[in-house]
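Please work through the following exercises with the sequence and the coordinates at hand. Each task is followed by a solution in steps.

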Amino acid sequence: MEEIKGLRKYELPALPYKIDSLEPYISKDIVDVHYNGHHKGYVNTANTLIDRLNGIIKEDIKGYDIHGVLRNLTFNINGDKLHTLYWNDMAPEGKGGDKPGGKLGDLIDQQYGSYDRFKKFFTEAANSNPGTGWAVLTYDKENGNLNIMTVENHFMNHLAEMPIVLILDEFEHAYYLQYKNKRADYVGAWWNIVNWSEANKKLEGLLE
Ligand code: MN
């Protein structure tokens, strides 16, 4: 039997800007806690679970709680992936905000009528999300749709084969320190720092 190398670990990606770069829309304190606390925590916990799973696979251990371990691993790996997308989908004022260009701008105009209509609809979707989750824009290669979707918690199963072009974190840790219970104000502020050039680059990569 070949030597089992095991599953590889995850690494916390660097934040693409300084922790105070999203001010005044998202405070330095929020980015600090969110990135150095929550995001790092998902990566660390995913790696602890991978160690455990590697041990289970190598030793062929029976009778452990597979459902619990894999559910927890799913939560934490998705936590890492979703936050990496989220950080990269924002940029400091001046670089972010404005309107989508390129193929993304064209497709939004075709499918939603205009950027303003799209923004209104995405905002409504985000504000309708009950509790903990995400608002996302996905691209479906099957018919070329840009789908506005909501994700509960970190569980992504229903987004199979539909890469995320744009993502908004709606967990309380993403806004509470600054916006308290006014989540809609955070959603409104977020539009000022959306990194449209990154979102368009992502979409254009999927069209190739
Ligand atoms: Mn988060």
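The exercises below concern a predicted model, and they proceed from the domains to individual residues.

**Exercise 1. The domain interface**

Task: Describe how the protein chain is divided into domains and characterise the area buried between domain 1 and domain 2.

Solution.
Step 1. Domain 1 spans residues 28-88, and domain 2 spans residues 102-207.
Step 2. Taken over C-alpha atoms, the centres of the two domains are 23 Å apart. The contact involves 16 residues of domain 1 and 20 residues of domain 2.
Step 3. About 1,600 Å² is buried between domain 1 and domain 2, and carbon and sulfur atoms give 71% of that area.
Step 4. On the side of domain 1, the residues that lose the most area to domain 2 are I30, L82 and Y86, which together account for 40% of what that side buries.
Step 5. A search for salt bridges across the interface of domain 1 and domain 2 finds 0.

**Exercise 2. An aromatic pair and its cluster**

Task: Determine the geometry of the pair F118 and W191, and explain which parts of the chain the pair ties together.

Solution.
Step 1. The structure contains 19 aromatic pairs. In the pair formed by F118 and W191, the ring centres are 6.3 Å apart and the planes make an angle of 85°.
Step 2. Planes over 60 degrees apart count as edge-to-face, and the pair of F118 and W191 is accordingly edge-to-face.
Step 3. F118 belongs to helix 4 (residues 115-128), whereas W191 lies in the loop between helix 6 (183-190) and helix 7 (196-207), so the pair ties together parts that are 73 residues apart in sequence.
Step 4. Both partners are buried: F118 has a relative accessible area of 0%, and W191 has one of 4%.
Step 5. Ring pairs also place F118 and W191 in a cluster, together with Y112, Y115, F121, F122, W190 and W196.

**Exercise 3. Salt bridges in several settings**

Task: For the salt bridges D60 with K62, R183 with E170 and K201 with E198, give the N to O distance and describe the setting.

Solution.
Step 1. Side chains of opposite charge can pair when their charged atoms come close. The cut-off applied here is 4 Å between a side-chain nitrogen and a carboxyl oxygen, and the structure holds 6 salt bridges.
Step 2. D60 and K62 meet at 3.0 Å, N to O. D60 is exposed, with a relative accessible area of 51%, and K62 is exposed at 64%.
Step 3. The closest N and O atoms of R183 and E170 are 3.5 Å apart. R183 lies in helix 6 and E170 in the loop between strand 3 (164-169) and helix 5 (176-179), so this pair ties together parts that are 13 residues apart in sequence.
Step 4. R183 is buried, with a relative accessible area of 13%, and E170 is buried, with a value of 1%.
Step 5. For K201 and E198, the closest N and O atoms are 3.6 Å apart. Both residues lie in helix 7, 3 residues apart, about one turn of the helix. K201 is exposed, at 58% relative accessibility.

**Exercise 4. A buried acidic residue**

Task: Locate D140 and establish which side chain of opposite charge is nearest to D140.

Solution.
Step 1. D140 is in strand 1, which covers residues 133-140.
Step 2. The nearest side chain of opposite charge is that of K141, 9.6 Å away. The limit for a salt bridge is 4 Å, and D140, although buried, has no salt bridge.
Step 3. Leaving aside residues up to four places away in sequence, D140 touches N145, N147 and M162.

**Exercise 5. Backbone geometry**

Task: Describe the backbone at P24, D60 and D98, and place each residue in the chain.

Solution.
Step 1. E23 and P24 are joined by a cis peptide bond, with omega about 0°. P24 is in the segment before helix 1 (28-59).
Step 2. D60 is not a glycine, yet has a positive phi of about 55°. D60 is in the loop between helix 1 and helix 2 (66-88).
Step 3. D98, also not a glycine, has a positive phi of about 60°. D98 lies in the loop between helix 2 and helix 3 (102-112), and is exposed, with a relative accessible area of 68%.

Methods. Residues are numbered from 1 along each chain as its sequence is written. This is a predicted model: local features need pLDDT of at least 70, side-chain atom pairs count only at pLDDT 80 or more; totals for chains, interfaces and linings use all residues. Side-chain values use heavy atoms; hydrogens and water are left out. Helices (H or I, at least four residues) and strands (E, at least two) are DSSP runs, numbered from the N terminus. Buried means under 20% relative accessible area, exposed over 50%, partly exposed in between (1.4 Å probe, protein chains only). Lys and Arg count as positive and Asp and Glu as negative; His and the chain ends are not counted. Contact means heavy atoms within 4.5 Å. Rings of Phe, Tyr and Trp (its six-membered ring) pair if their centres lie within 6.5 Å; planes under 30 degrees apart count as stacked, over 60 as edge-to-face and the rest as tilted. Domain bounds come from an automatic or database domain assignment. Buried area is the accessible area (1.4 Å probe) that two parts lose on being put together, summed over both.
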